[in-house]
Amino acid sequence: TSAKINGIDVHYQAFGEGETIVFAHGAGGNLLVGGPYFSQYYRCITIDQRGFGHSLDVLNGPGSGVFVEDLVGLLDYLE
């Protein structure tokens, strides 16, 4: 699933219900981290950060320097 955030399509997955946990991957990772197991207890959101997986950055874009803004935009989108 994706959402238009800060000029790019940010790909994410959401699992479960309850309090929200966000899984943010390290370098070389993607949105396939941790969510399914913990979704038994929490609402879990996994994200392909800008420039990783299917969340492509724009040409000469800001890269990981706007991770916080992208994440806040996604959380606002998901309410």
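Three salt bridges are found when the whole of this predicted model is searched. The tour below visits each of them, together with the hairpin that carries one.

**Stop 1: Lys4 and Asp9**

Select Lys4 and Asp9 and display their side chains. The two residues form a salt bridge, and their closest N and O atoms lie 3.7 Å apart. Lys4 counts as exposed, with a relative accessibility of 58%. Asp9 is partly exposed, its relative accessible area being 36%.

**Stop 2: the hairpin around this pair**

Now select residues 2-5, which make up strand 1, and residues 8-15, which make up strand 2. These two strands pair in the antiparallel sense, over four bridges. Within the pairing, Ala3 stands opposite Val10 in strand 2. Colour the residues of strand 1 by face: Ala3 and Ile5 belong to the covered face, whereas Ser2 and Lys4 belong to the uncovered one. Strand 1 and strand 2 form a hairpin, with two residues between them. Centre the view on Asn6 in the turn, where phi is positive, at about 50°.

**Stop 3: Arg50 and Asp57**

Move next to Arg50 and Asp57. Their side chains meet in a salt bridge, with an N to O distance of 2.8 Å. Is Arg50 buried or exposed? Arg50 is buried, as its relative accessible area is 7%. Its partner Asp57 is partly exposed, with a value of 26% for relative accessible area.

**Stop 4: Arg50 and Asp70**

Keep Arg50 selected and add Asp70. Arg50 forms a salt bridge with Asp70 as well, and here the closest N and O atoms are 2.8 Å apart. This pair links distant parts of the chain, the two residues being 20 residues apart. Arg50 lies in the loop between strand 4 (43-47) and helix 2 (67-78), while Asp70 lies in helix 2 itself. Asp70 counts as buried because its relative accessible area, 3%, falls under 20%.

**Stop 5: the network as a whole**

Finally, show Arg50, Asp57 and Asp70 together. Which residues are linked in a network of salt bridges? They are Arg50, Asp57 and Asp70. Within this network, Arg50 forms a salt bridge with Asp57 and another with Asp70. As a general point, side chains of opposite charge can pair when their charged atoms come close.

Terms used: Residues are numbered from 1 along each chain as its sequence is written. This is a predicted model: local features need pLDDT of at least 70, side-chain atom pairs count only at pLDDT 80 or more; totals for chains, interfaces and linings use all residues. Side-chain values use heavy atoms; hydrogens and water are left out. Buried means under 20% relative accessible area, exposed over 50%, partly exposed in between (1.4 Å probe, protein chains only). Two strands pair if DSSP finds at least two bridges between them. A salt bridge is a side-chain nitrogen of Lys or Arg within 4 Å of a carboxyl oxygen of Asp or Glu.
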